[in-house]
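Dear colleague,

I am passing this structure on to you, and below it you will find an account of what turned up when I went through it. Please keep the sequence and the model open beside the text as you read.

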Amino acid sequence: MAEERWEQGDAREPRAGEAADRRTVRPEEAAAWEALVATARRTVTEGLVVGTSGNVSVRVGDTVLVTPSGVPYDRLTPRDVTGVDLDGRQVLGTLVPTSELPMHLAVYGAGDARAVVHTHAVHATAVSTLVTELPLIHYMAAALGGPVRVAPYATYGTRELAENMLRALTGRTACLLGNHGTVAHGATLDQAYDRTAQLEWMCRVWLTASSVPGLTPALLSEEQVAEVGERLKGYGQRG
């Protein structure tokens with residue numbers, strides 16, 4: 001499809017029978033929407049979701065921009081910006097927000113996250129059906145806050161699922177959702193996405209290692225992972 005130009009303040013005209021947009025899109029929201037759509041499309045191209053499964057959100061001030069329900073990401077344009085306030089009331093756009101909105105709002109209400117990525121990644125979803133916590137197969141569990149927990153299954157879009165997820169996220173930046181997928185949050189969309197990809201990779205490593213007949217993967221201790229967590233605090237370039 002032809003690329004539309006992303007313009008600040010752009011909002012689509014309401015279709016017949018729809019209410020007018022709640023308010024004008026601010027420049028910072030237009031930029032954040034562009035980044036959100038790019039991240040959502042990335043979850044598809046990199047195999048973390050199929051079709052319209054999964055969802056992405058980003059917080060801009062007291063507004064949460066979120067992918068709409070049931071709309072393929074490659075069809076989203078600047079005119080489809082969808083946003084709610086922190087209580088879930090729609091303030092931007094006319095498209096219905098994702099059915100997993102309670103889960104996203106729960107993350108923002110519990111801490112200082114600025115972005116959330118939810119996927120149905122294959123290996124992570126498979127692991128969520130086998131264990132209650134991802135075995136410590138790799139030290140990069142430290143980058144997610146420690147051993148990754150599995151939130152017990154609950155129907156999608158429910159408050160029960162949001163509550164289960166919050167318990168699994170305590171002290172963590174990512175978790176698995178039983179028989180469902182993954183949730184990761186971060187200070188930016190890139191960070192939330194990277195944590196999602198890291199979790200899926202670790203799940204794939206564990207499944208691969210544990211599938212060798214007659215052998216059991218060697219695991220790390222929580223102390224070893226905690227030591228890596230301390231080292232990671234000084235990782236990367238300064239300033």
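Ala174 stands opposite Ala184, a residue of S8, and this pair belongs to the antiparallel pairing of S7 and S8, which extends over four bridges. Please bear in mind throughout that the model is a predicted one. Strands S7 and S8 form a hairpin in which three residues lie between them. One residue of that turn deserves a look, namely Asn179, which sits in the loop between S7 and S8 and whose phi is near 55 degrees, a positive value in a residue that is not glycine. Asn179 counts as exposed, because its relative accessibility is 53% and the exposed class begins over 50%.

Strand S8 itself, by contrast with that turn residue, is mostly covered, six of its six residues being buried. On its other pairing, S8 runs antiparallel to S5, and five bridges join the two strands. Within that pairing, Thr119 has Thr182 in S8 as its bridge partner, and the side chains of Thr182 and Thr119 are also joined by a polar contact of 2.8 Å.

Thr182 can be followed further. The residue is found in strand S8, which covers residues 181-186, and Thr182 counts as buried because its relative accessibility is 1%, where buried means under 20%. If neighbours within four places in sequence are left aside, the residues in contact with Thr182 include Val117, His118, Ala124, Cys175, Leu177, Thr196 and Leu199.

Where do these strands belong in the sheet as a whole? Eight strands form an open sheet of mixed pairing, and their order is S4-S3-S2-S1-S5-S8-S7-S6. The edges are strand S4 (90-92) and strand S6 (150-151), each of which pairs on one side only. Towards the S4 end of that order, strand S2 (residues 63-66) pairs with strand S3 (residues 83-85) in the antiparallel sense over three bridges, and there Val64 stands opposite Val84 in S3. Helix H1 (residues 27-45) packs on the sheet, where it touches strand S1 (55-60), S2, S4 and strand S5 (115-119), and its direction makes about 160 degrees with that of S1. Helix H5 (residues 189-210) also packs on the sheet, touching S1, S5, strand S7 (174-177) and S8, with a direction that makes about 145 degrees with that of S8.

The remaining topic is the salt bridges, of which the structure holds seven. One of them joins Glu29 to Arg23, with the closest N and O atoms 2.7 Å apart, and Arg23, Arg26 and Glu29 are linked in a network of salt bridges. Glu29 is buried, since its relative accessible area is 1%, whereas Arg23, at 22%, is partly exposed. Another salt bridge is formed by Asp62 with Arg59, the closest N and O atoms being 3.3 Å apart; here Asp62 is exposed, with a relative accessible area of 52%, while Arg59 is buried, with 17%. A further salt bridge brings together the side chains of Lys233 and Glu230, at 2.9 Å from N to O, and Lys233 counts as exposed at 65% relative accessibility.

With kind regards

Note on methods
Residues numbered from 1 in each chain as written. Predicted model: local features only at pLDDT ≥ 70, side-chain atom pairs only at ≥ 80, totals over all residues. Heavy atoms only, no water. Buried < 20%, exposed > 50% of the residue type's maximum accessible area, 1.4 Å probe, protein only. Polar contact = N/O pair within 3.5 Å; in protein donor to acceptor, adjacent residues only side chain to side chain. Contact = heavy atoms within 4.5 Å. Pairing = 2+ DSSP bridges. Axes fitted to C-alpha atoms, helices over the stretch in contact; angles between N-to-C directions. Salt bridge = Lys/Arg side-chain N within 4 Å of Asp/Glu carboxyl O.
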